[in-house]
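Here is a friendly walk through one structure, with an eye on its empty spaces and on how some of its helices pack. Keep the 3D view open as you read.

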Amino acid sequence: MYERKKHVIVKAHQLFIEKGFRATSIQDILDHSGISKGTFYNYFPSKSELFKAVLLNIQENYEKERNELLLGESPEDIEIFVKQLDLMMQSNRKNKLLILIEEVIFSNDQDLKKFIQEIQMMYVNWIHNRFVDLFGKEKSPYLLDCTILFFGMLHQMLRYNFMDNGPKYQGIEIIRYCMDRVQQIVKDVSISDVQLLNPDILKEWLSQTTDHTNDFFDELVHLSEELKKEIVQVIHKETDKIKYIQTVDFILDEIRGSKVPRLFLIESLLVFLKKCSELKKTKVFEDYQRLIEKYVLV
């Protein structure tokens, strides 16, 4: 069922790009994906929920590729971060993400607008966390300010570069340029001890934009990302790193992608992860295992 659902998401994505979200009818989706109306509503309560699934699918695919760039690399390497952002921009261009989002922003669908805000806030949070990796925890008080400044610089530089150069993509040079500026800003604000926003407010922003009924899934995604970072740090053999990261991704897909997750499969995969002595003794794995046992393996 999961593969069929993924098939519908991919076909709907194609239609949303070709015709636009509002102009695409449910019948168009049924015809293009070759499913019945009953099957559609078994997967998605509405076209809006399908649109959310399309955006999440784009995001999940990007996150997997983004995390693979860190395999065997230091989280403190700025060039890896530049490549991760370049990967995001190429993914956005390939999937026409900005076009899809703009249509929703100018619509009256408040639920979808809120959902897009959630995704944008998740990107802010990810960049902030990566800035902590890059610049160190001692710079944490200043890094939310620097994250927002970086977002602004990057957005405007891309916008005006596009006006000058058209569709010719020069994203990675722009990202490097903005990162060079941010490195100097981080030095300046830490020396002068200037802070506008306390990074703790990120938790409040995330809670305001997130539906609390999805708290479990949000926490699972967060812990999965943290666990994969831990795998990169504590596992030394490259083939083992890939194997453990793929296991974490598989568990997440199984829980999120199925109405009835296969508990025996999740249990066996957790046992497989626990056999890794380096991973088993970390706090993030303990939290990850406890969360799954509390909400899934009940």
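## A cavity with a nonpolar lining

The second largest cavity is lined by Leu-55, Gln-59, Leu-97, Ile-101, Ile-119 and Tyr-123. Please keep in mind that this is a predicted model. By class, five of these lining residues are nonpolar, one is polar and none is charged. The volume of this second largest cavity is about 50 Å³.

Which helices build this lining? At least two residues each come from α4, α6 (97-105) and α7. Tyr-123 of α7 is worth remembering, as this residue lines the second largest cavity and also takes part in the contact between α5 and α7.

## The largest cavity

How many cavities of 30 Å³ or more does the structure hold? There are four. The largest cavity holds about 80 Å³ of space. Its lining consists of Glu-60, Glu-63, Lys-64, Val-221, Glu-225, Lys-228, Asp-249, Leu-252, Asp-253 and Arg-256. Two or more of these residues come from each of α4 (47-68), α11 (215-234) and α12 (238-257). Helix α12 gives the largest share, with four residues.

The classes are easy to see if you colour the lining by residue type: eight residues of the largest cavity's lining are charged, two are nonpolar and none is polar. For the second largest cavity, the count is five nonpolar, one polar and no charged residues. Helix α4 is found in both lists, giving two or more residues to the lining of the largest cavity and at least two to that of the second largest.

## Helix α5 against α7

Now for the helix packing. Helix α5 (residues 78-94) and helix α7 (residues 110-135) have axes 10 Å apart and pack at an angle of about 165°. An angle over 145 degrees counts as roughly antiparallel, and α5 and α7 are therefore roughly antiparallel to each other. The crossing of α5 with α7 is right-handed.

On the α5 side, the contact uses Ile-78, Ile-80, Phe-81, Gln-84, Leu-85 and Met-88, and these meet Tyr-123, Trp-126, Ile-127, Arg-130, Phe-131 and Leu-134 of α7. Sorted by class, this contact of α5 with α7 has 10 nonpolar residues, one polar and one charged.

## Helix α5 against α9

Helix α5 has another partner in helix α9 (residues 171-192): their axes come within 9 Å and cross at roughly 135°. The two helices, α5 and α9, are therefore oblique to each other. Here too, α5 makes a right-handed crossing, this time with α9.

From α5, the residues in this contact are Ile-78, Glu-79, Phe-81, Val-82, Leu-85, Asp-86 and Met-89, while α9 supplies Gly-171, Ile-172, Ile-175, Arg-176, Met-179 and Gln-183. Eight residues of the contact of α5 with α9 are nonpolar, two are polar and three are charged. Ile-78, Phe-81 and Leu-85 of α5 appear in the contact with α9 as well as in the contact with α7.

## Helix α7 against α9

What angle do α7 and α9 make? Their axes cross at roughly 70° and come within 12 Å, so α7 and α9 are roughly perpendicular to each other. This crossing of α7 with α9 is right-handed.

Phe-131, Leu-134 and Phe-135 of α7 make the contact with Met-179, Val-182, Gln-183 and Val-186 of α9. By class, the contact of α7 with α9 has six nonpolar residues, one polar and no charged. Among the shared residues, Phe-131 and Leu-134 of α7 touch α9 and also belong to the contact with α5.

Conventions. Residues numbered from 1 in each chain as written. Predicted model: local features only at pLDDT ≥ 70, side-chain atom pairs only at ≥ 80, totals over all residues. Heavy atoms only, no water. Axes fitted to C-alpha atoms, helices over the stretch in contact; angles between N-to-C directions. Parallel < 35°, antiparallel > 145°, perpendicular 65-115°, else oblique. Left-handed = near helix turned anticlockwise from the far one by under 90°. Contact = heavy atoms within 4.5 Å. Nonpolar A, V, L, I, M, F, W, Y, C, P; charged D, E, K, R; others polar. 1 Å grid on protein atoms, 1.4 Å probe; cavity = no way out; pocket = protein on both sides within 12 Å on 5 of 7 lines; lining within 4 Å. Points joined across faces, edges and corners; volume = space filled by probe spheres on them.
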